[in-house]
Each structure stands twice: as C-alpha cells, then as structure tokens.
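Biologist: Can you put the model up? I'd like to go through it with you.

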There are 2 protein chains.
Amino acid sequence: MTEFTSEFRDDLQRLMQWRRDVRRFRTDPVDEALLKECLDTFLLAPSVGLSEPWRVIRVESDQARAAALKNYEAANAEALKGYDGDRAALYANLKLSGMQESPVQLAIYCDDATAKGQGLGAATMPEMRRYSVVGAITQFWLTARSFGLGVGWVSILDPAQLNRDLDVPSEWSLVAYLCVGWPEELSDTPELAKAGWENRDNTLPIQSR
Amino acid sequence: MTEFTSEFRDDLQRLMQWRRDVRRFRTDPVDEALLKECLDTFLLAPSVGLSEPWRVIRVESDQARAAALKNYEAANAEALKGYDGDRAALYANLKLSGMQESPVQLAIYCDDATAKGQGLGAATMPEMRRYSVVGAITQFWLTARSFGLGVGWVSILDPAQLNRDLDVPSEWSLVAYLCVGWPEELSDTPELAKAGWENRDNTLPIQSR
C-alpha cells in the first residue's frame, strides 16, 4: 500500500509536535529489541549515492562513559564563559545533557571515506555524507518517540577528544552524541523555550528568486 | 494525546519504506496550500539552541532556474570524468535530478551567523546548525511523501556558484537543492539500486566501547 490516510498524517504532525530533545531521563533500561527496532530505521534513510555512511558506537563501558561526560563538562564550562550577566546565570542553570542518567548512549559517526556509493553525489558537496547521517538520526528520533522513548542530541563536546577516547578511525566524523531512554516527562514545548532561553518562530523564512 | 498506536507505527515504518529520492516528476503544479502545509513541518524540527537557522529560497524565475540547471549540468559532466569504463557508462545513463521537470524547486540554506539561540550548543561543533536544517528537510520529506508528493535532493552542484546566482547572503551555506512535485511512479526501491549502481545494506554497523 502506497497511500496514507488523513488520520495518519494528523498523527505524524502530532509526533513531530511531541518529539523533544530530552535531557531528563529515568534510569531504567531500554529493551534491546525495542532499541534495535528504532535503530533499524537508519536502514530506511536516504543517503547520498546510497553510500549509507552511518557508523554507530554504543558507549557502554564505565571508562568510555566517564571520558564522554568529562568531555561534555569541560566543553560546557568553556561555553559558559561566552555569556555574561543574566544570560550566563540562565545558561548555568540549563540542563543540556542527560549523560549522567540515560541508559543508552550512542556516538553516531559518518565514514567520510566509505567506498560505498562510489562517491556519487558527493564530489562538489562532500558534506552530503554527513547530512545523510543526520537524516537517518532524524528518522530514528521520530521512531523512538513513537514508542515513547526519548532522545537527546548532545553537541557540547570536543569531537577530536571524543574520537581519541572512543578510538574511532581517523576518517570518521562525529555527527551526534545521542542519549536514549525513557523521559521523565512528556512535553510539546522545547526545554529552551520553557527556560526562557529562546522562542520558536511561527513562520518559515521564504524568499523567491 | 501523547501516545501513538501500533497501527500508526506500522504506517510510519511504511512511510519511510516508500519515501524515495524522486528524480522523475510530472509537470503539473503543486497546490500552494499543500506545499505550505509540508514546509511548515520545518517549524516543528529540532534545532541546536533553538536557533532555527533554516532559510528557504524558492527558485521560480526562468533566469534562476536556468542558472541552477546549468550549474548542475556542469557539475554532473565533471563528476562523470571521475568514472571509467562500464561504471562511466552506467553513470552517464543515470537520471540524477528532476530539475528540468519539477514544478517546485527550493534551495535550502543555513544561516551560519544567526543570532537566534545565542550560539548555544554550536561552539565546539558549529556544523550543528547545518545539521538542524537537514533534520527539518527530513521532516518535510516524510510529510510530503505522506501526501504522495515526491522530493528529490540534488547535491551535484557548485554551491559557491549557486550562491552567486541566487544572490544569497555570504554567511548562508547551501544545504540542499530540492525538487518537489508529483512523482511519475511510486516505488519502495531506491533508483540507484534499480539501476545497479549500489545496494542497500541489511544491517546497521554498530560497535561497542
């Protein structure tokens, strides 16, 4: 069947409205079969030249988790220095990662040197491989939320340090560090909006040429 | 309502299976209200620091379309030179863009210099803003397909030339050139797989640390 109903489309819109970047997780485990089902949506994602450049590192050991957390804490302390006054106080009070609590943590990489796809579509814009990985993460994120699972994307990290700590091949680029688990609460409002950091726009900026 | 049914999840999986990168379009127009409904899913996408850095250029004039098509044709001819023998013959026969036919064409940019979000989350990985734009495009793509609309992402372009031709601000980065319209046919198999260029993997590469 190739058609979709208006009820499905309404639910798809609702899924996007209730998908959140989650930073507050319960610590109870995520069923492995459920996690696999969500991750398998990577395999349905578009990729430039069908290069499927996504590589997943599951960060599980105490040592790897401690290194990632230390990396985040250092990068976040440095980021705080970029703000002054009330804005700095607001930043310091934000919870920007669930790395202390989330039971599943995934470092998502792009293999920039993959031979798969034979470079098709990536000659003038090689960043397209990394964009393919982002598309796959987006599909994973929506699927996880459809099961009630929360995903948080941590970007406050020194990627070179993380690559060393996780001992990944030099031609891989870090795209995302994902925390996955059951969220403490559900919301249709971004945490940064609730905290007064920034608000969402109501209109998409479109120009014509 | 924050819960989703197993029927919805099955349909979501089916949507991802039937989403295609479309390069063969009918030329009949796309209803403007429908296009707006699909584009408005950008506003539900995650963005780093709530920076919402997406900027959309609708490529409509004959002059802008001709420049974009010429850009693609030059980049594609150059890309062909990177292949030899049977592979070159195969490449030359691929249809890699719907820019001749698709009624709607959108150049999607990232404003790397936006003040929105005050830089949160983008200090160590500034590429995160562009990744936010890719997530929004992915949501648009899935939504469009849920209405039967096809989307094709053209990456065989010289971005610097396109930016000049479309006269965009220097701090904007091209993320995608999208062709949108009604597809000539529906398929659950990528065109590059059908053409024998590359096949999909059945398993996601996961390692532990």
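Modeller: Here are some notes on the chain contacts and one helix.
Modeller: This is a predicted model: local features need pLDDT of at least 70, side-chain atom pairs count only at pLDDT 80 or more, and totals for chains, interfaces and linings use all residues. Residues are numbered from 1 along each chain as its sequence is written, with chains lettered from A and ligands numbered from 1 in the order in which they are written.

Biologist: How many residues of chain B are in contact with chain A?
Modeller: 74 residues of chain B, with 74 residues of chain A. Contact means C-beta atoms, placed from the backbone, within 7 Å.

Biologist: What's the nonpolar, polar and charged split on chain B's side?
Modeller: 40 nonpolar, 19 polar and 15 charged. Ala, Val, Leu, Ile, Met, Phe, Trp, Tyr, Cys and Pro count as nonpolar, Asp, Glu, Lys and Arg as charged, and the others, Gly among them, as polar.

Biologist: Which strand of chain B pairs with β1 of chain A?
Modeller: β5(B), in the parallel sense, over three bridges. Pairing takes at least two DSSP bridges. Strands are DSSP runs of E, at least two residues; helices are H or I, at least four; both are numbered from the N terminus. A:Ile57 stands opposite B:Gln207.

Biologist: New topic. Which residues of α3(A) are buried?
Modeller: A:Ala64, A:Ala68, A:Asn71, A:Tyr72, A:Ala75 and A:Asn76. Buried means 20 or more other C-beta atoms within 10 Å of a residue's own, exposed 12 or fewer, partly exposed in between, with C-beta atoms placed from the backbone.

Biologist: And what covers them?
Modeller: The cover includes β3, α6 and β4 of chain A.

Biologist: Which exposed residues are on the face turned away?
Modeller: A:Asp62, A:Gln63, A:Ala66, A:Lys70 and A:Ala77.

Note on methods:
Two residues are in contact if their C-beta atoms, placed from the backbone, lie within 7 Å.
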